[in-house]
Amino acid sequence: MLTKAPKGTKDVIPSEVYKWHYVENIVREICSLNGFREIRTPVFEHTELFERGVGETTDVVQKEMYTFEDKAGRSITLKPEGTSPAVRAFVENGLFNDSQPTKIFYFTPCFRYENPQAGRLREHHQFGVEAFGSQDAAIDAEIINIAITLYKRLGVESLQLRINSIGCPECRNEYNNKLKSYLQPKLPALCETCKGRYEKNPLRIIDCKEEKCKAQITDVPFIIDNLCEECNTHFDKLKKSLDILEIQYIIDPTIVRGLDYYTKTAFEIVTNTIGAQGTVCGGGRYDGLVEACGGPSTPGIGFGMGLERLFLVLESADIQVPKPNYMDIYIANMGEAASSEAQRLVSSLRSNGIKADKDYMKRSLKAQMKYANKIGARFVVVLGEEEISSKNIKVKDMSNGTEEVINMNQLTDFLKQKL
RNA sequence: GUGGGUAUAGCUCAGUUGGUUAGAGCGCCAGAUUGUGGCUCUGGAGGCCGUCGGUUCGACCCCGAUUAUCCACCCCA
C-alpha cells in the first residue's frame with residue numbers, strides 16, 4: 001500500500017516527462033497564437049459549484065465525485081472537470097467587465113471516482129479552453145480549430161470530428177415534449193435507467209447503449225431536426241465556419257454530452273485506436289452556465305481534452321516525441337583534487353547556461369565515459385592531475401569522437417560556440 | 001456499481017503434467033593489462049513466484065478468499 005499509487009492514478013517519471021513538456025509547449029504556442037491566456041484555478045471547489053454547474057442529474061455529480069468535508073464542515077469536491085471552475089473564476093474576478101470575448105486556457109488534473117480502464121483514470125489531466133462573451137458561431141469553429149490544430153501539429157491524422165446541436169432551453173423544451181410523446185408508448189420496453197431518464201432528461205435516452213432501447217427508438221426524432229430558428233442559424237454558421245477553416249466534420253445527432261450545461265453546439269473528437277474510451281476531446285457551448293453560477297448572462301464555449309488519451313493516440317499512431325538534449329557536457333574526474341576542480345567547473349558552466357554534470361560515484365574513467373554516453377552528454381572533459389597542473393584540457397565531442405585541446409579557462413566560450 | 005482476464009527479478013515475459021539449488025532478454029554494477037563511450041564477450045547483484053487460508057508426505061503450480069492490476073459495461077476526456 002505504502003509503495004503503491006492509489007487506484008487509477010499514474011506517476012509521470014523523469015524519463016517520460018519530456019513528452020508532457022513537448023505537448024504543453026505546443027499547446028501554449030497555439031493558445032498564444034489564438035489569443036488565449038492561461039488561467040489557474042484551485043484543485044478543489046465548493047461541491048455546490050459542480051452540482052449547479054455540471055448538473056445534479058449527471059452521472060459525474062451523482063456518483064463520480066471525490067467529495068469530502070473539510071475540518072470546518074464545508075463540503076469540498078476535487079474538480080471533476082475544468083469548465084465550472086473557470087466559470088466561477090470568470091464571475092468571481094469580474095472578468096466580464098473586461099472587453100469581451102474572454103479567451104482562456106488551462107491545464108488541470110481532474111478527478112472522477114470510476115473504475116479505471118484503457119484511457120480512463122481516476123485522476124487524469126486535461127487541456128481546456130474557454131471563450132466567454134460571444135454568441136458568434138465563428139468562435140465555436142475556432143475553438144474546435146484549436147483542438148484540430150494541436151493534433152495536426154503532433155502529426156495525428158486518424159481523428160474524426162463529430163458535431164451536433166442540442167438546442168437552447170426553448171427549443172429543447174419543445175423538443176423534449178415531442179420526444180416524450182414519442183417515447184411514452186415505448187416506455188415499458190426501455191431499460192431501467194432510461195425509465196428514470198424519461199422524466200429528468202429524456203435526451204439521454206437517445207444515447208443509451210442498451211440494445212433493447214436502441215431497437216425501440218430507431219425512428220426517434222432528433223433535436224437537430226427540431227431546432228428553433230436561432231439555433232438553426234447558429235448551427236448553419238458553425239458549419240460554414242468550419243468550411244472556411246477547412247475542417248472536416250460529421251454531423252452526429254446522437255451526441256448529447258453528459259454534462260447538463262451544454263447548449264447549441266456540442267462536439268467530440270473521436271478515434272477508434274485507443275480502446276473503448278475513444279473520445280479524445282469533448283466540448284460545446286454553454287450559454288446559460290455563467291448565469292447559473294451567479295454571473296451576468298454571458299454566453300460561453302469550450303472544450304476539454306484528456307492528455308493521457310492524447311498520449312495513447314500518439315502511441316497508437318507510433319508518433320515519437322523528440323527527446324531533448326539532457327546534457328551539454330560531462331566532466332569525468334579522477335581523484336579528490338580533480339573532483340573539487342570538476343565541481344568548480346560544472347558550477348561555473350551552469351551559471352553560464354550550459355547543462356553540465358560530473359561524476360559523484362567515484363567510478364572508473366571507463367565507467368564515467370559509459371555514463372556520459374548514456375546520459376547523452378554532447379561533450380566530455382577528463383580531469384586528472386595532469387590537466388589540473390597544465391590547465392590544458394581535451395574536450396571530446398561524443399558525436400564523432402574527435403578531441404580538441406584548449407585552455408581550461410576557455411571552456412565556457414568554446415562550448416557556447418559549439419552548442 | 002457489474003462482469004471477464006492476469007499476478008514469477010527494476011522492466012517484458014518463460015517455466016515446473018505437484019518433487020531438491022526458479023530461468024531468459026532488457027536494465028543496473030563490474031571486468032576484458034597503463035587515462036576514454038557506443039559494438040562484442042565474461043562475470044555479479046537482484047525474487048517470502050501478490051497476500052491469507054485449504055488440499056497434499058510435499059504447493060510457485062491445484063482449490064477458496066482477498067488485494068492489486070488490465071480489459072469491458074456504465075459514463076466520460
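Let's start with the overall layout: chain A is divided into domain 1, covering 17–168 + 228–316, and domain 2, covering 327–418. The centres of domain 1 and domain 2, taken over C-alpha atoms, are separated by 49 Å. Keep in mind that this is a predicted model. Chain A has an average pLDDT of 93, with 100% of the residues scoring at least 70, and the model carries an ipTM of 0.90 and a pTM of 0.93.

Now turn to helix H5, which spans residues 137–154. One of its partners is helix H9, residues 229–244: the two axes come within 8 Å and cross at roughly 45°. That angle falls outside the ranges for roughly parallel and roughly perpendicular, so H5 and H9 are oblique to each other. Their crossing is right-handed. On the H5 side, the contact uses Ala 137, Ala 138, Asp 140, Ala 141 and Ile 144, and these meet His 234, Lys 237, Leu 238, Ser 241 and Leu 242 in H9. By character, the residues of this contact divide into 6 nonpolar, 2 polar and 2 charged.

H5 also packs with helix H1, residues 17–33, at an angle of about 135°, with the axes 10 Å apart. H1 and H5 are therefore oblique to each other as well, and this crossing, too, is right-handed. Here H1 supplies Ile 26, Val 27 and Ile 30, while H5 offers Ile 146, Thr 149, Leu 150, Arg 153 and Leu 154. The residues where H1 meets H5 divide into 6 nonpolar, 1 polar and 1 charged.

Key:
Residues numbered from 1 in each chain as written. Chains lettered and ligands numbered in written order. Predicted model: local features only at pLDDT ≥ 70, side-chain atom pairs only at ≥ 80, totals over all residues. pLDDT = per-residue confidence, 0-100. Domains from an automatic or database assignment. Axes fitted to C-alpha atoms, helices over the stretch in contact; angles between N-to-C directions. Helix = DSSP H or I, 4+ residues; strand = E, 2+ residues; numbered from the N terminus. Parallel < 35°, antiparallel > 145°, perpendicular 65-115°, else oblique. Left-handed = near helix turned anticlockwise from the far one by under 90°. Contact = placed C-beta atoms within 7 Å. Nonpolar A, V, L, I, M, F, W, Y, C, P; charged D, E, K, R; others polar.
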